[in-house]
Amino acid sequence: MEASSEQKTHPFDLQMDSGTALKLVKHGATLLLLDVPQYTLVGIDTQMFSVGPLFKGIKMIPPGPHFVYYSSADRNGNEFSPVVGFFLDACPSEVIVRRWHQQEERLVKLPEEEEEKYHEAVKRFEFDNQLGPYALNHFGTWKQISNYITKSTIERIEPIGREITVVCESGLVEQVPKTVMEKALAEQLRNSKFSTSAEKSQRRGCYYTSIPRVVKNKGISGQELTSLNIDKTQLLETILVKEYGGAEDLLLGELQFAFIAFLMGQSLEAFFQWKALVSLFFSCSEAPFCTRTQLFIKFIKVIYYQLKYGFQKDSINTSAVQKGASVLLDDSWLSKDSFLHRLCKDFFSLIKEASVVDGDLLSWTYKLKELLETTLGWEFQDSAVDGIYAENDDEFAPVVELLDDASFSEASAA
């Protein structure tokens, strides 16, 4: 791995004894990436780095869902292609092998027999010195923004071929962008110096749940229709039952899937889906106080951790990554005239005016409000949520139990 001299520590420095390290290597998953050109940007979860000449992949990956993404560079490492990413659900001791396809500038699977040979080579530690360890001190942050994503979430939503990239979303560019963020992603696709085949641009995207922007229902009065569009509690209930079988966590998993694909994979389609889901939640007036209070507490937590991570300033400071694909939100993408500001303002007013509010919902709403005010400088009218603070901000900080011998938990704590 190569890191900029600006960094004080190597992104993969881990302080642990050899016995613990060996345990993690054996029980963790390995992502073997062959023939990846130097200067290519490669990321996994919240970690991103510029590839050096000896790079062959990543080891010690905790079992569970992960997002792998990359951006190819020119020979000087100055120009970068649009990001390509894919989700995976790693099993303990699993070896995942991909090889760089020079012409297509992407990672591809190997024939089964050849892949098996590399599996055995990894088990014999033949690539160990060329594999960077997964930075376990970043794993707690990853869990905060992905804790509802499961293997079934990935299988239900991921596109055919599994690759998520704005290159395959040219049809969305024809839609009139309404925000700075949408314009930025659309502009990246238009100005890309890397060729896009017609086949790629017409490829089916992710299988996101359809979220109607406007409720339409024949056979009811205009007043009732207006009411359904002002308070979208009924729409939320219908979608939960019809699309998710009533399972709230599946809906939250899709919200997290879309956010990660948008923020790290720079997918315009994912941004539209994230925006649609956030708008749906914040447009419900009844659900937070009656039928779906616990869902809304979890939703506010999800949004809080997403924005908290997205607005971090010091997560990535290598010059190569700054030139290429940023995985952080730009403040200008969520200005005061953005959809999120308007929706949050209305939601905070709703909480303020409610006669009875769940304590957890109130405290997490305050945390979200404070985050937006301190990070973006947004101003909201004084509300009843002020003065209440949710405790245990770092509830996900301790690494969850991953293995029977708790190896990953011990290493992360170190």
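This is a short dialogue on reading the sheets and helix packing in a predicted model.

Colleague: Let's start with the sheets. In what order do the strands of the antiparallel open sheet come?

Modeller: Keep in mind that we're looking at a predicted model. The order is 3-2-5-6-10, so you have 5 strands with antiparallel pairing. Strand 3 (47-50) and strand 10 are at the edges; each has a single partner strand, so one side of each has no neighbour in the sheet.

Colleague: How many bridges hold strand 2 to strand 3?

Modeller: Strand 2 (residues 41-44) is joined to strand 3 by 4 bridges, and the two run antiparallel. To follow the register, find Val42 and look across to its bridge partner Phe49 in strand 3. Then go to Ile44, whose bridge partner in strand 3 is Gln47.

Colleague: And what happens at the turn? Which residue takes a positive phi in the hairpin of strand 2 and strand 3?

Modeller: That's Asp45, with a positive phi near 60°. The hairpin has 2 residues between the strands.

Colleague: How do I work out where the side chains of a strand go?

Modeller: The general idea is that in a regular strand the side chains alternate between the two faces of the sheet. Now try it on strand 3: Gln47 and Phe49 point one way, while Met48 and Ser50 point the other way.

Colleague: Are those four residues of strand 3 buried or exposed?

Modeller: Gln47, Met48, Phe49 and Ser50 are all buried.

Colleague: Let's cross to the other side of the sheet. How many residues of strand 6 are buried?

Modeller: Strand 6 (residues 84-90) is mostly covered, with 6 of its 7 residues buried. On one side, 7 bridges join strand 6 to strand 5 (residues 64-71), running antiparallel, and Val68 has Phe86 in strand 6 as its bridge partner. Strand 6 also pairs with strand 10 (residues 164-165), again in the antiparallel sense, over 2 bridges. There, Gly85 stands opposite Ile164 in strand 10.

Colleague: What about the sheet with mixed pairing? What is its strand order?

Modeller: That open sheet has 5 strands in the order 8-7-1-4-9. Its edge strands are strand 8 (106-108) and strand 9 (132-133), each pairing on one side only. For a parallel pair, look at strand 4 (residues 57-61) and strand 9, which share 2 bridges. Lys59 has Pro133 in strand 9 as its bridge partner. Helix 2 (residues 112-123) lies across strand 1 and strand 7 (95-101), at about 120° to strand 7.

Colleague: Can you give me one residue to click on in that sheet?

Modeller: Take Leu33, in strand 1 (residues 29-34). Its relative accessibility is 0%, so Leu33 counts as buried. Leaving aside residues up to four places away in sequence, Leu33 touches Val42, Phe55, Lys56, Gly57, Arg98 and Leu107. Gly57 is 24 residues away along the chain, yet the C-alpha atoms of Leu33 and Gly57 are separated by 4.8 Å.

Colleague: Now the helices. How do people describe a packed pair?

Modeller: Two packed helices are described by the angle between their axes and the distance between the axes. Here, helix 11 (residues 268-282) and helix 12 (residues 293-310) pack at an angle of about 140°, with axes 11 Å apart. That angle makes helix 11 oblique to helix 12. The crossing of helix 11 and helix 12 is left-handed.

Colleague: Which residues of helix 11 meet helix 12?

Modeller: From helix 11 you have Trp274, Val278, Phe281 and Phe282. Across from them, helix 12 offers Leu295, Phe296, Phe299, Ile300, Ile303, Gln306 and Leu307. Sort the contact of helix 11 with helix 12 by class and you get 10 nonpolar, 1 polar and no charged residues.

Colleague: How is helix 11 set against helix 14?

Modeller: Helix 11 packs on helix 14 (residues 339-353) at an angle of about 15°, with the axes 10 Å apart. That makes helix 11 roughly parallel to helix 14. This crossing is left-handed. On the helix 11 side, the contact is made by Phe271, Trp274, Lys275, Val278, Ser279 and Phe282. Helix 14 brings Phe339, Leu340, Leu343, Cys344 and Phe347. By class, the contact of helix 11 with helix 14 has 9 nonpolar, 1 polar and 1 charged residue.

How values were computed: Residues numbered from 1 in each chain as written. Predicted model: local features only at pLDDT ≥ 70, side-chain atom pairs only at ≥ 80, totals over all residues. Heavy atoms only, no water. Axes fitted to C-alpha atoms, helices over the stretch in contact; angles between N-to-C directions. Parallel < 35°, antiparallel > 145°, perpendicular 65-115°, else oblique. Left-handed = near helix turned anticlockwise from the far one by under 90°. Contact = heavy atoms within 4.5 Å. Nonpolar A, V, L, I, M, F, W, Y, C, P; charged D, E, K, R; others polar. Buried < 20%, exposed > 50% of the residue type's maximum accessible area, 1.4 Å probe, protein only. Pairing = 2+ DSSP bridges.
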